[in-house]
Amino acid sequence: MIGERIELTAENIYDLHYPTYCPRRLFYRFYGWEEGPSGPFEQLIFELAQRHEVCHLNSTGEYTDLSSGGLRERAAITIDLIEKGTPFIYQGVLSSTLIVEGRAVQAWGIPDLLVHKGPCWVIRDCKLTRKVSEEKHPEIKAQLQFYGFLFERSIREKPGKLEVFLGDGSMVDFPYDDGRSATESLKEIISTVTAKEAPYSPVNWSKCQGCGFHQLCWEEARARGDVSLLYGVDQNLALALRENGTSTVDQLLANWDESSLSKLSRPWGSSSRKVGKEASRILLQAKAMKDKRNIPLARVKLPESPNFVGFDLEGFPPYLNQIERVYLWGTKVYGENPSPYRPSLSPIEEDGDLKGWKKFLSICEEIFAKYGDIPFIHWAPYETSKIKLYRRRYGDPEGIAERVLGNLVDLLPLARRAIVLAEPSYSLKVVERVAGFKRSQDEYGGDWSMAKYFQAVETQDKSLRKEIFTQILRYNEEDLDATWAVFQWLRGQNEAHRGSKLGCSSSVPPA
Ligand code: SF4
């Protein structure tokens, strides 16, 4: 039975894949479920993407703008303009009626540009990303193939080429695959949106960050004790467990032991991988979550020193800037002889990036002069990788960066070795809460800080800029205070461990 006609658009492909693959998000958006407001970072990405598109559009010279009006009317005009050989059509509408999986479908697509080049037509999209591949941004190729398919069906001619204009100004092209990918996309979308209820998709700390359905999915997952809440259980493992009849934390503990779990395979890139040694840790995470109680594991070797530098950076990924960039280098000394907060905020000027790096090195030089070799405590590997990047980029003639590198202490792996948290993540924001640290700002986070910094760069209002910088600096200083609080909490864990002689973690590998 064909049934009622379903309207699909290339946006459905985007909903399925961006920012990460999730059929549940596609289902919710298709049926218009209420979505939480997008955060400042999502708004920033949206604005930058629009700016990138306008910039490219202006560089093409004259174009015919079809960006407004009803879809049917625009689709008719698009065909007319193509038949007339109009060189640049902006936001033309392609459409086709077809049967997919026995269902009548009206499919729509709005490519950024239809370009008449020589004897053939090129379909082009503008995207902020700098890389496009099956692993990174599969939605970009899938959407272009979808447009190609609609173009062929409505014009009766294959597109000559599919192109994407990337954030770094390069143009990448690939051939039209005669509708193969589009047919696959259509089948997956139809089977998702015609399901009786929202399909299962594992929750995941990084996957769900910034998603408008976060609260809905996480409340549901917590209520049923979903196995994907466990730290160390990635999405493929959650799905593999589910296929084996285990969808909750309770079932995991009831049905699996270290030996059986270690033998379970889940997809891993193009092959598969057994859970192996991670099994014991996952079962401990499950026990902690079930009992709602952290499990101390072992004393960990923490650096000993009368003073410590709290160290934290804020930066942009390369797709948001011309280069991968740190805009704030934060330091503050804690311990017997503390110092005030010493930030190096890159000035908003042409060589601001270099100036920010130089100022950071001079702050570190002063710290070393006053305290000698002193541990720089930080959270996760970002700080290490960025110092190495800047050392390559601008050099380190005095050897200060080298000395900082030699004194870095990443607390994240130490925390994982010290304690099994009854939490789904070991991000600083989670661990600081466990350590009892409280922030003063309601809004904060790396993405929030990035969006704010961009706002400060854009505004001509000096007092607003100053106010934004004050907020960013307070956030960064509180990251340092939180790192110090977690360090002291870890010391406390060590003491408690010494007192109670809790079991050794030697058989438990770090997560
Ligand atoms: S919150 Fe997570 S699981 Fe839910 S729709 Fe968003 S990405 Fe998918």
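**Helix packing and the ligand shell**

H1 passes H2 in a right-handed crossing. That is where I'll start, and a reminder before going on: this is a predicted model.

Sorted by type, the residues of that contact between H1 and H2 come to 4 nonpolar, 1 polar and 3 charged. On the H1 side they are Asn-12, Asp-15 and Leu-16. Their partners in H2 are Pro-23, Arg-25, Leu-26, Arg-29 and Phe-30.

Now the geometry. Two packed helices are described by the angle between their axes and the distance between the axes. Here helix H1, residues 10-17, packs against H2 at an angle of about 135°, and the axes are 6 Å apart. H1 and H2 are therefore oblique to each other.

Next, the ligand. Which residues surround the ligand? From the N-terminal part of the list we have Cys-22, Arg-24, Arg-25 and Tyr-28. The rest are Ser-201, Val-203, Lys-207, Cys-208, Cys-211, Phe-213, His-214 and Cys-217. Two or more residues of this shell come from each of helix H2 (23-30), helix H7 (205-208) and helix H8 (214-224).

Which element gives the most to the shell? That is H2, with 3 residues. So much for H2 on its own; Arg-25 appears on both of my lists, in the contact with H1 and around the ligand.

By residue type, the shell divides into 7 nonpolar, 2 polar and 3 charged. In terms of domains, at least three shell residues come from domain 1 (6-193), and at least three from domain 2 (205-293).

That's what I have on the helices and the ligand.

Note on methods
Residues numbered from 1 in each chain as written. Predicted model: local features only at pLDDT ≥ 70, side-chain atom pairs only at ≥ 80, totals over all residues. Near = placed C-beta within 6 Å. Helix = DSSP H or I, 4+ residues; strand = E, 2+ residues; numbered from the N terminus. Nonpolar A, V, L, I, M, F, W, Y, C, P; charged D, E, K, R; others polar. Domains from an automatic or database assignment. Axes fitted to C-alpha atoms, helices over the stretch in contact; angles between N-to-C directions. Parallel < 35°, antiparallel > 145°, perpendicular 65-115°, else oblique. Left-handed = near helix turned anticlockwise from the far one by under 90°. Contact = placed C-beta atoms within 7 Å.
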